[in-house]
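Got the viewer open? Let's take a short walk through this one, one selection at a time.

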Amino acid sequence: MDAVPAAIAEVLQRTIDTGGTLCVLTGAGMSAESGIPTFRGTHDSLWSRFDPMRLATADAWREDPALVWGWYRWRMQAVRDAQPHAGHRALAALARRVPLSLVTQNVDDLHERAGSIVDAHVHGGLFALRCFACGHAHTALDDYMEGVQRVEPMRCTACGDRIRPGVVWFGEALPDDAWTSAVDAAERCTLMLVVGTSGLVYPAAGLPALARRKGATVVEINPEPTALSTEMDLVWLATAAQALPLLVG
Ligand code: NAD
């Protein structure tokens, strides 16, 4: 692949020329080429190897916090070991050319480490540790670990309960501020790029339809067709690291 499909190049150029705004919605596929497994879609994806109900719910935490904390510390280590790829860097470069809001479902920090400002982490962040009981914020750990092991979570200095990762678990509400920013970005944009998401997790998966109802052109970048493909104006079957650098030339 060596060129942007003509229709996509045209709509991006029109957005820049007419003073439009871009919203980029990213999902786990955005980080796949940095070596962070997606949740779904491949034999090594996270939910094909682990049971989400034992690891990513508040009930799982109450039942076995050491198991859940050990799994998240392993994921934190995988993110610490990973580097942003050319697609992450391309989005940072694109934001210097056109007003761009970046909304991510990812809980890693690869966009920030590539130089982007993330407007909304709609599913929270791995390193935004907080107390399970009182919500007191705690700073990230330095001593991460290889492999999944049981680890007793640290204790909150404010109330003594256990400290949890700052991600949104199944069944939990999205952070209000992040969701408000995401909706605002979707409603205001003239072009939305939807990169590396299966489109199965709501309400985030509803943002492209919202943008389109408000008049934006919506473009999907993903190597596979997804649940959202039929709602798109344009679909580019490509990976994030292949496609995004081509958009900035
Ligand atoms: P998902 O795992 O459900 O879907 C991944 C999508 O990425 C698929 O459509 C797949 O075809 C696509 N994909 C795979 N490789 C790609 C590539 N190289 N370039 C572009 N696309 C590629 O992920 P999702 O839709 O984001 O939804 C599920 C949840 O997963 C989110 O809530 C997110 O918080 C969480 N998650 C985050 C991370 C992370 O932070 N890196 C990792 C795993 C899961």
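We'll begin at the ligand, work outwards, and end at a proline.

Keep in mind as you click around that this is a predicted model.

**Stop 1: the ligand.** Select the ligand and switch on a surface for the protein. The ligand sits in the largest pocket. Now colour by domain: domain 1 covers 1–35 + 84–123 + 174–249, and domain 2 covers 37–81 + 126–167. Both domains give residues to the shell around the ligand, so the ligand lies between them.

**Stop 2: the shell.** Expand your selection to residues within 4 Å of the ligand. You should pick up 28 residues, and the closest are Arg 40, Gln 105, His 123, Thr 197 and Ser 198. Colour them by class and you get 10 nonpolar, 13 polar and five charged residues. Which helix gives the largest share of this shell? Zoom in on α2 (residues 29–32), which supplies three residues.

**Stop 3: polar contacts.** Show sticks for Glu 33 next; an N or O atom in its side chain is 2.9 Å from a nitrogen atom of the ligand. Then go to Asn 222, where a polar side-chain atom lies 2.8 Å from a ligand oxygen atom. For Ala 240, turn on the backbone instead: one of its polar backbone atoms is 3.0 Å from a nitrogen atom of the ligand. Taken on its own, the ligand has 860 Å² of accessible area, and the protein covers 92% of that.

**Stop 4: an odd peptide bond.** Finally, select Tyr 202 and Pro 203. They are joined by a cis peptide bond, with omega about 10°. Most peptide bonds are trans. To place Pro 203, look at the loop between β6 (191–195) and α10 (207–213).

Methods. Residues are numbered from 1 along each chain as its sequence is written. This is a predicted model: local features need pLDDT of at least 70, side-chain atom pairs count only at pLDDT 80 or more; totals for chains, interfaces and linings use all residues. Side-chain values use heavy atoms; hydrogens and water are left out. A polar contact is a pair of N or O atoms within 3.5 Å; within protein, one must be able to donate a hydrogen and the other to accept it, and residues adjacent in sequence count only if both atoms are side-chain atoms. Accessible areas come from the Shrake-Rupley method with a 1.4 Å probe; for residues, only the protein chains shown count as cover. On a 1 Å grid over the protein atoms alone, a cavity is a set of points where a 1.4 Å probe fits but cannot get out, and a pocket is an open set with protein on both sides within 12 Å along at least five of seven lines; lining residues have an atom within 4 Å of a point. A molecule sits in a cavity or pocket if more than half of its atoms lie within 2 Å of its grid points. Helices (H or I, at least four residues) and strands (E, at least two) are DSSP runs, numbered from the N terminus. Ala, Val, Leu, Ile, Met, Phe, Trp, Tyr, Cys and Pro count as nonpolar, Asp, Glu, Lys and Arg as charged, and the others, Gly among them, as polar. Domain bounds come from an automatic or database domain assignment.
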